[in-house]
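Here is a short report on a protein–DNA model. Keep the sequence and the structure in view while reading.

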Number of protein chains: 2
Amino acid sequence: MPVINWLKYRSVIGYGLLLAALLFFLKWLEWRFVIVNYSLEIYVGLTAILYTALGIWLALKLITPKTNTVYVEAESYPIEAFVQYEFELQKSGISNRELDVLQLMAQGLSNQQIAERLFVSLNTVKTHSSKLFEKLQVQRRTQAIEKAKRLNLIP
Amino acid sequence: MPVINWLKYRSVIGYGLLLAALLFFLKWLEWRFVIVNYSLEIYVGLTAILYTALGIWLALKLITPKTNTVYVEAESYPIEAFVQYEFELQKSGISNRELDVLQLMAQGLSNQQIAERLFVSLNTVKTHSSKLFEKLQVQRRTQAIEKAKRLNLIP
DNA sequence: TACAAAATCATCCTAAAGTATGAGTGATAA
DNA sequence: TTATCACTCATACTTTAGGATGATTTTGTA
């Protein structure tokens, strides 16, 4: 037994009722203005205005709004990423200094430049990077960068 | 001397003309149906239908549609990024093969591994990467990766 | 077809990166 | 206080990356 969705036809019903009401109104007008000479013009004019308004109202009511899809950059650092960052940092056992080196690596700096930036010797940077590679289980700096980004260790 | 933008008022003018035409039509109807008994009801009915249609048309034509703005997190690849990709690719003059090498570099592969992956010699990969660095104006592969990501050349 | 890019490969050389190992220092926790 | 760990640095060595140059082949286009 199909259930009729009355709500769906609410506008149509409303429209019908309005039409009926208007007819009564017109009939009433007919009685009042039938003796006046220009009754017809007024009559038609009123009808025209009324139904134009009705048409506009109907259109506004029934038009499905356009959907504007806007693509927004994913938030720079959502909570999940931060949680994962902490987790992976703990799990891998990467130290602060190693993380420093990793970050500068990802910016494209050479070991020499990293050493200067951190005020340590080139050898120290090499030591850090070696241990970093062990902890990340990689062989090269490019791999380290790729994996670190994947693990949300760096942005 | 201000120039009136007639196009802007095209709809209004059209509406006026339509009204005028309808009045003529109505006058004509008056002559034809004045003898008929139920002429008034037909008359009004026609007017109602016509003006409802006009109202709907007006609303559709003149009113800027409501926009529902939907925000979607940019997961895959929004248009802007793709446009930038094409633009930067053109500007830098990076060739297909160089782009292949760049992508594999960003995945952390060594030149040797890239050579195997692309079925070319190590020397070829070196040539490609050298030209790539020139075109990206960088010195090292880590810089190339960083810059390429910044320019949306690679994800 | 002829010409310009693109793609391929090679050699020689230098610079940078990465591995292995050892060692000193300072902070901290058992 | 001793053991551990992070940080620092060094030497020696190997591997990989990168620069310069030249040459050949493919390929797309005027």
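## DNA contacts and helix packing

DNA strand C has 18 residues around it, and those that come nearest are Lys126(A), Arg141(A), Ser95(B), Ser121(B) and Asn123(B). This is a predicted model.

**Strand C.** Which part of strand C faces the protein? Of the strand C atoms within 4 Å of the protein, 65% belong to sugar or phosphate, and the rest belong to bases. By class, the surface near strand C has 2 nonpolar, 11 polar and 5 charged residues. Three elements each supply at least two residues of this surface: α6 of chain A, and α4 (96-106) and α6 of chain B. The biggest giver is α6(B), with 4 residues.

**Strand D.** Now the other strand. DNA strand D has 18 residues around it, and Ser95(A), Ser121(A), Asn123(A), Lys126(B) and Arg141(B) come nearest. Sugar and phosphate make up 67% of the strand D atoms that come within 4 Å of the protein. The surface near strand D holds 2 nonpolar, 11 polar and 5 charged residues. Here α6(A) gives the most, with 4 residues.

**Polar contacts to DNA.** The table lists contacts from both strands.

| Residue | Protein atom | DNA atom | Distance |
|---|---|---|---|
| Lys126(A) | side-chain N or O | base oxygen, strand C | 2.8 Å |
| Ser95(B) | side-chain N or O | phosphate oxygen, strand C | 2.2 Å |
| Arg97(B) | polar side-chain atom | phosphate oxygen, strand C | 3.1 Å |
| Ser121(A) | polar backbone atom | phosphate oxygen, strand D | 2.8 Å |
| Lys126(B) | side-chain N or O | base oxygen, strand D | 2.7 Å |
| Arg141(B) | backbone N or O | phosphate oxygen, strand D | 2.7 Å |

On the strand D side, the elements that give two or more residues are α4 (96-106) and α6 (122-136) of chain A, together with α6 of chain B.

**Helices α5 and α6 of chain B.** Lys126(B) also takes part in a helix contact. Helix α5 (residues 111-118) and helix α6 (residues 122-136) of chain B have axes that come within 8 Å and cross at roughly 110°. The two helices, α5(B) and α6(B), are therefore roughly perpendicular to each other. From α5(B), the contact uses Asn111(B), Gln112(B), Ile114(B) and Ala115(B); from α6(B), it uses Leu122(B), Val125(B) and Lys126(B). By class, that is 4 nonpolar, 2 polar and 1 charged residues.

**Helices α4 and α7 of chain B.** Arg141(B) likewise belongs to a helix contact. How do the axes of α4(B) and α7 (residues 141-150) of chain B cross? They come within 10 Å and cross at roughly 100°. So α4(B) is roughly perpendicular to α7(B). Leu102(B), Met105(B) and Ala106(B) of α4(B) meet Arg141(B), Ala144(B), Ile145(B) and Ala148(B) of α7(B). This contact has 6 nonpolar, no polar and 1 charged residues.

**Salt bridges.** How many salt bridges does the structure hold over all chains? There are 6. One joins the side chains of Arg97(A) and Asp100(A), at 3.3 Å from N to O. Why can such a pair form? Side chains of opposite charge can pair when their charged atoms come close. Arg97(A) and Asp100(A) both sit in helix α4 of chain A. They are 3 residues apart, about one turn of the helix.

Notes:
Residues are numbered from 1 along each chain as its sequence is written. Chains are lettered from A and ligands numbered from 1 in the order in which they are written. This is a predicted model: local features need pLDDT of at least 70, side-chain atom pairs count only at pLDDT 80 or more; totals for chains, interfaces and linings use all residues. Side-chain values use heavy atoms; hydrogens and water are left out. Axes are lines fitted to C-alpha atoms, for helices over the stretch in contact, and angles run from 0 to 180 degrees between N-to-C directions. Angles under 35 degrees count as roughly parallel, over 145 as roughly antiparallel, 65 to 115 as roughly perpendicular and the rest as oblique. Contact means heavy atoms within 4.5 Å. Ala, Val, Leu, Ile, Met, Phe, Trp, Tyr, Cys and Pro count as nonpolar, Asp, Glu, Lys and Arg as charged, and the others, Gly among them, as polar. A residue is near a molecule or strand if one of its heavy atoms lies within 4 Å of it. A polar contact is a pair of N or O atoms within 3.5 Å; within protein, one must be able to donate a hydrogen and the other to accept it, and residues adjacent in sequence count only if both atoms are side-chain atoms. A salt bridge is a side-chain nitrogen of Lys or Arg within 4 Å of a carboxyl oxygen of Asp or Glu.
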